Amino acid sequence: MAACLSSQVLDDLVARENFEYAGVSDKIKILVGPAAETLQTLPSEEKFDLAFIDADKASNLTYYLQAKRVVKRGGVIIVDNVVRNGTVANPDIDDENVRGVRNLLQHIKNDKEVDATTIGTVSEKGYDGFLYSLYL
Ligand SMILES: C[S@@+](CC[C@H](N)C(=O)[O-])C[C@H]1O[C@@H](n2cnc3c(N)ncnc32)[C@H](O)[C@@H]1O
């Protein structure tokens with residue numbers, strides 16, 4: 001079972017088409033709406049192996065805490081775009097996306113229930129990275 005959370009109906013249509021094309025529609029539930037709300041509707045008993053977080057960065061920590069609620073022990077939580085061309089480590093930069101990543105990293109630093117690392121990525125958009133955390 002997989003859940004796909006999206007804020008827009010267009011995303012929903014594109015996702016639905018892709019899942020149909022891949023032949024996995026019957027395994028995926030699409031929830032449309034603000035993820036901070038839709039995530040709360042996922043029952044805690046429905047434990048997932050993996051969560052991939054890649055929505056509005058300001059809400060990273062909210063999504064991470066919700067992901068921990070629905071991911072099983074031994075599962076993985078991935079958060080995309082946590083390097084942001086080095087802006088996260090640059091004290092002169094302070095926008096809501098950067099703050100969203102820093103809040104998450106501060107939280108994870110003290111979270112003894114996860115082991116986490118960041119894996120760097122490079123693309124035509126510059127350099128970035130995703131956080132890979134294992135829920136112990
Ligand atoms: C960077 S895209 C990532 C899409 C997908 N992970 C991919 O790689 O193709 C960000 C997505 O998050 C969705 N999004 C942004 N804010 C959201 C929110 N508050 N709740 C739910 N989805 C949101 C956007 O609609 C968009 O589809």
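The domain layout, the ligand shell, the nonpolar core and two loop residues of a predicted model are described below. Residues are numbered from 1 along each chain as its sequence is written. In this predicted model, local features need pLDDT of at least 70 and side-chain atom pairs count only at pLDDT 80 or more, whereas totals for chains, interfaces and linings use all residues.

The chain is divided into domain 1 (1–33) and domain 2 (46–135), with bounds that come from an automatic or database domain assignment, and the centres of the two domains, taken over C-alpha atoms, are separated by 22 Å. Both domains give residues to the shell around the ligand, so the ligand lies between them. The residues around the ligand (C-beta atom, placed from the backbone, within 6 Å of it) are L5, S6, S7, Q8, D11, P34, A35, D54, A55 and D56.

The largest nonpolar core, a set of buried Ala, Val, Leu, Ile, Met, Phe, Trp, Tyr and Cys residues joined through C-beta atoms within 7 Å, has 16 residues, and those with the most contacts inside it are I53, Y64, A67, I77, V79 and V82. Here a residue is buried if 20 or more other C-beta atoms, placed from the backbone, lie within 10 Å of its own, exposed if 12 or fewer, and partly exposed in between.

In the loop between strand 4 and helix 4 (DSSP runs, with at least four residues of H or I for helices and at least two of E for strands, numbered from the N terminus), R84 has a positive phi near 55°. N85, which lies in that loop, has a positive phi of about 55° although it is not a glycine. R84 is partly exposed, with 19 other C-beta atoms within 10 Å, whereas N85 is exposed, with 12.
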